[in-house]
Amino acid sequence: MSDQTILFFLLIVIAVMAFVVLYQRFAFRRGIQTQLIQISRKLEDIAESDSDEKVMVFTDNPVLMELTGEINRLLLDRQKVKAEFKRGEIASKKMLANISHDIKTPLTVILGYLEIMRLTGADDEMLEKVEAKAKQVVDLINQFFTLAKLEAGDADITLSRINVSEICRESALGFYEILLQKDFEVEISIPERVIYVQGDKDALQRILFNLLSNAVRYGSDGKYLGIFLREEKNSVLIDVTDKGKGIQREFADRIFERLYTMGDSRNREVQGNGLGLTIAKNLAVQLGGDLYLDSIPDIKTTFTVRLKKINY
């Protein structure tokens, strides 16, 4: 066989190999394009139907596999956002219903008292009852506005170094008379030295007022109130403890939800309006800390405020 013949056959082999390589590359690209089109159409279907489906692509291409995984993670995040939005929508409807009920009730009482006063003439006792109910309505409206501002991020909170020891003492002193009247045993443990935290004085006072009010209301059966200020390496903790009925485990996870009340919710001598703890939790978080619960029913219930410690 001549050299020219051998060269001719070699050129044919090279041409065939080049054709095979180019065809495989074209087919590979075409396959990827087909699968990308399938993914795109599936995403369109999911968006149009607002379903919670995921994208499924059968491929051994690592790039497509990674892409599909990322898309499905985003779809899962979208599903979580939808669920959260739905819960918020339900909570808002419930809040509006409760606002209507909680404001309507004292207003009805006020109107009743005013009618009696119009027919019989006013006396001091009747005027005091009307005033008390009117203040209840104003307080309720103020709490709704406070919570709305907190959730919208519009609350006027300025973080600075504050003396938490002094604020705890002042807060405890503010409840001295009512605790004395109700014959509570009071235990207070606040170090004599100054302890500083990152916070806002008004916000922390509001948190403690809500927790102490809560302890007096729910802990009246135990006739005990404890206020403890303690330190950790990077945190300062304030414990507000009572020995009343406590909070069952099934309610513990929902106790900070807005307008959530347990049994006896229609008895306002026992139950609040479901906003105090929600406001306290929101404030604690905005101070860079947290608020959490530990309760053993009929033995001890403790709400703990955690704040960032300042070591200078």
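Helix α6 covers residues 201-218, and its length can be checked simply: at 1.5 Å a residue, its 18 residues should span 26 Å, and the end C-alpha atoms are indeed 26 Å apart. The expected span here is 1.5 Å times one less than the number of residues, and helices are DSSP runs of H or I with at least four residues, numbered from the N terminus, while strands are runs of E with at least two. The model is a predicted one, in which local features need pLDDT of at least 70 and side-chain atom pairs count only at pLDDT 80 or more, whereas totals for chains, interfaces and linings use all residues. Residues are numbered from 1 along each chain as its sequence is written, and side-chain values use heavy atoms, leaving out hydrogens and water.

At the N-terminal end of α6, Asp-200 acts as a cap, with a side-chain oxygen 3.2 Å from the backbone nitrogen of Asp-202. Among the buried residues of α6 are Ala-203, Leu-204, Ile-207 and Tyr-218; buried means under 20% relative accessible area, exposed over 50% and partly exposed in between (1.4 Å probe, protein chains only).

Helix α5, residues 176-181, holds Leu-180. With a relative accessibility of 56%, Leu-180 counts as exposed.

Turning to the whole protein chain, it contains eight helices and seven strands. Of its 312 residues, 33% are buried. Among contacts (heavy atoms within 4.5 Å) between residues at least 6 apart in sequence, 69% join residues at least 24 apart.

Methods
A polar contact is a pair of N or O atoms within 3.5 Å; within protein, one must be able to donate a hydrogen and the other to accept it, and residues adjacent in sequence count only if both atoms are side-chain atoms.
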